[in-house]
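Open the model in your viewer and keep the selection panel at hand. Each stop below tells you what to pick and what to look for.

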Amino acid sequence: MPSSVRRAAVVYNPVKADVDRLRLSVNTAAAAAGWAEPLWLETSVADPGQRVTRQALRQGVVMVIAAGGDGTVRAVAEALRGSEVSVGILPVGTGNLLARNLQLPLNSLDDSISIAFDGVDKAIDLGVASVTYTDNSINDHVFLVMAGLGLDAQMIVETRPDLKKQVGWLAYVDAGMRAIPRAEPFRIRYSLGTRNEHQALVSTILIANCGVLPGNIQFLPEARIDDGVLDIAVLQPKGVLGWLKIWRRVTWQNGVLRRSAVGRRIIELTESDNERAMTTLVGTDIRIVPDQPQQFELDGDEFGLVKSVFLRADAGALLVRVPAGRAVPTDAS
């Protein structure tokens, strides 16, 4: 194969993808774009995608196409972090949150493949989590959309796989209805950057690289995927009323009022600090130490009980293929 001919690898989840259709469509698009025949690599339970992506890098590919859900994309991104090799996203999973935040097509495999081969590279941030587990081992993981400590992660643990296959992200609602009534607030110590340490009693704390959730819910509308900082939500609801206030905020205020200057002014005038059930913070990094080990999740995948986490933004660490000739919004608004 001439060295001038570009080659891509396809890292695919065989459980999520229609492999025969995928192979035909990708091979056809690669040939039409003048690329070499792609390298095909399958994920597994033992390797969600990191090892096969590194194998692809050793073989000199210039793009890795991730065909799967958020877990597959996260694994590929972890291996590509800091490289000059871009990732093309074929969203065939449940949440597909990175694709949503980048406003990439969710329901057209052909459009997604076309963007991979004919699009351009966009540099985005990665979140990096250094996790200390209950056995005192420490591991680094990346995340593309959001990390969660506490109730959010417990909901991931309690999500029923069979229901998730049937109704997709709505299965998390079922898990939440079962987890919230049993949830006990816990105390954390946290510090942003070099600032002083603070304490808080929380139900969950979320650390976001970008802010859109399934259903196009604008959870953290100020979050940008390429601003070099993390957006943090500290949830401290008091009973059912507190959860309703959070729901009102992310659906009504974020989704409706914040779209206009008048609406933003209404939010400023009506929001009361002493009644706030959700506090937002911004920083390049944050260290969190719960008083007792808590469940932890990254991009919808559970990572077990942890003693502490240190999360930071790695600015511009990943190249993503996006449509040519269009500036992709980083706030998905």
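The tour starts with a helix pair and then moves through salt bridges.

Keep in mind that this is a predicted model.

**Stop 1: the helix pair**

Select residues 50-58, helix α2, and residues 70-80, helix α3. At what angle do α2 and α3 pack? The angle is about 45°, and the axes lie 8 Å apart. Angles of 65 to 115 degrees would count as roughly perpendicular and those under 35 as roughly parallel. α2 and α3 are therefore oblique to each other. Look at the handedness too: α2 passes α3 in a right-handed crossing.

Now show side chains. On the α2 side, pick Gln-50, Thr-53, Arg-54 and Leu-57. They meet Arg-74, Ala-75, Val-76, Glu-78, Ala-79 and Leu-80 of α3. Colour this contact by class: five residues are nonpolar, two polar and three charged.

**Stop 2: Asp-314 and Arg-81**

How many salt bridges does the structure hold? There are six. Three of these stops follow.

Select Asp-314 and Arg-81. Their closest N and O atoms are 2.7 Å apart, and the two form a salt bridge. Asp-314 sits in strand β17 (residues 301-322), while Arg-81 sits in the loop between α3 and β4 (86-91), so the pair ties together parts 233 residues apart in sequence. Switch on a surface. Asp-314 is partly exposed, at 22% relative accessible area. Arg-81 is also partly exposed, at 33%.

**Stop 3: Asp-226 and Lys-122**

Next, select Asp-226 and Lys-122, whose side chains meet in a salt bridge at 3.2 Å, N to O. Asp-226 lies in the loop between β12 (217-218) and β13 (230-235), and Lys-122 in strand β5 (residues 120-133), so this pair ties together parts 104 residues apart in sequence. Is Lys-122 buried or exposed? Lys-122 is buried, with a relative accessible area of 15%; the cut-off for buried is under 20%. Its partner Asp-226 is partly exposed, at 35%.

**Stop 4: Arg-312 and Asp-140**

Return to strand β17 and select Arg-312, then add Asp-140 in strand β6 (residues 138-143). Their side chains meet in a salt bridge, 3.7 Å from N to O. The pair links distant parts of the chain, 172 residues apart. Check the surface once more. Arg-312 is partly exposed, with a relative accessible area of 23%. Asp-140 counts as partly exposed as well, at 42% relative accessibility.

Technical notes: Residues are numbered from 1 along each chain as its sequence is written. This is a predicted model: local features need pLDDT of at least 70, side-chain atom pairs count only at pLDDT 80 or more; totals for chains, interfaces and linings use all residues. Side-chain values use heavy atoms; hydrogens and water are left out. Axes are lines fitted to C-alpha atoms, for helices over the stretch in contact, and angles run from 0 to 180 degrees between N-to-C directions. Helices (H or I, at least four residues) and strands (E, at least two) are DSSP runs, numbered from the N terminus. Angles under 35 degrees count as roughly parallel, over 145 as roughly antiparallel, 65 to 115 as roughly perpendicular and the rest as oblique. A crossing is left-handed if the near helix is turned anticlockwise from the far one by less than a right angle, and right-handed if clockwise. Contact means heavy atoms within 4.5 Å. Ala, Val, Leu, Ile, Met, Phe, Trp, Tyr, Cys and Pro count as nonpolar, Asp, Glu, Lys and Arg as charged, and the others, Gly among them, as polar. A salt bridge is a side-chain nitrogen of Lys or Arg within 4 Å of a carboxyl oxygen of Asp or Glu. Buried means under 20% relative accessible area, exposed over 50%, partly exposed in between (1.4 Å probe, protein chains only).
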